[in-house]
Amino acid sequence: MFDVFEANTPYFRTKTASGMVSLTGGSSNLTIGTWSHLVMVYNGTKMLIYKDGVQDPNTASQTGTISNPTGTNLVVGFYYTTAYSFNGILDECAPYRHMS
């Protein structure tokens, strides 16, 4: 899951067999009215956030294959209830299985 969380910071959450882990890009605040290029990466051991090509110093340790039980969906810009919905524009959003 990807969302913009408190104080306009990117928020990334993933679930594997080892559990649910969340990561907030603490130093990657987003400016209202300004385009930003965000990349969320899970490499099998860590979760990372990049803003405009620069890695945020915050990381989260996580291991295992991403869990995707039958009947669940990839979520972008939504957090459980509409009270936390992303209010903005997402352009060219694309999930990838691997980095080339």
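Strands here are DSSP runs of E that are at least two residues long, numbered from the N terminus. By that count, Thr14 belongs to strand β2, which covers residues 9-16. The model is a predicted one, and Thr14 is a handy place to start looking around in it. At 6% relative accessibility Thr14 counts as buried, because the cut-off for that label is under 20%. Setting aside neighbours within four places in sequence, Thr14 is in contact with Gly19, Met20 and Val21, and also with Met47, Gln62 and Ile66.

Stepping back, the overall layout is easy to state. The protein has seven strands and zero helices, so from the N terminus on the elements simply read β-β-β-β-β-β-β. Of the 100 residues in the protein, 26% are buried. The protein exposes about 7,100 Å², and 53% of that comes from carbon and sulfur atoms. As for contacts with a separation of 6 or more, 48% link residues that sit 24 or more positions apart.

How sure is the predictor about all this, and where does its confidence peak or dip? What is the mean pLDDT of the protein? The mean comes to 76, with 72% of the residues reaching 70 or more. Confidence is highest in β6, at 90, and lowest in strand β1 (residues 2-5), where the mean is 62. Where pLDDT is low, the predicted coordinates should not be read in detail.

Next come the strand pairings, with β5 (46-51) as the thread to follow. Strand β4, residues 38-42, runs antiparallel to β5, and five bridges join the two. Within this pair, Val41 stands opposite Leu48 of β5. The hairpin made by β4 and β5 has three residues between its strands, and Gly44 takes a positive phi there, near 100°.

On the other end of the same thread, β5 is joined by two bridges to strand β6 (residues 54-55), again antiparallel. Here Tyr50 stands opposite Gln55 in β6. This hairpin has two residues between β5 and β6, and Asp52 in the turn shows a positive phi of about 50°. β5 also pairs with β7, through two bridges in an antiparallel arrangement. Lys46 has Ser61 of β7 as its bridge partner.

Which residues make up the largest nonpolar core? There are seven of them: Phe12, Val21, Leu23, Tyr42, Met47, Ile49 and Ala60. Two elements, β3 (19-24) and β5, each give two or more residues to this core. As a general matter, nonpolar side chains in soluble globular proteins tend to be buried together. One core member, Tyr42, has quite a list of partners beyond four places in sequence: it touches Phe12 and Met47, along with Thr16, Gln62, Thr63, Gly64 and Ile66. Met47, Gln62 and Ile66 were also mentioned above as contacts of Thr14.

Finally, a look beyond the strands. Ala94 lies in the segment after β7 (60-61). Is Ala94 buried, exposed or partly exposed? Its relative accessibility is 41%, and Ala94 therefore counts as partly exposed, since that label covers values between 20% and 50%. Along the chain, Ala94 and Val39 are 55 residues apart, yet their C-alpha atoms are separated by 9.9 Å.

Notes: Residues are numbered from 1 along each chain as its sequence is written. This is a predicted model: local features need pLDDT of at least 70, side-chain atom pairs count only at pLDDT 80 or more; totals for chains, interfaces and linings use all residues. Side-chain values use heavy atoms; hydrogens and water are left out. Helices (H or I, at least four residues) and strands (E, at least two) are DSSP runs, numbered from the N terminus. Buried means under 20% relative accessible area, exposed over 50%, partly exposed in between (1.4 Å probe, protein chains only). A nonpolar core is a set of buried Ala, Val, Leu, Ile, Met, Phe, Trp, Tyr and Cys residues joined through side-chain atoms within 4.5 Å. Contact means heavy atoms within 4.5 Å. Two strands pair if DSSP finds at least two bridges between them. Accessible areas come from the Shrake-Rupley method with a 1.4 Å probe; for residues, only the protein chains shown count as cover. pLDDT is the predictor's confidence in each residue, from 0 to 100.
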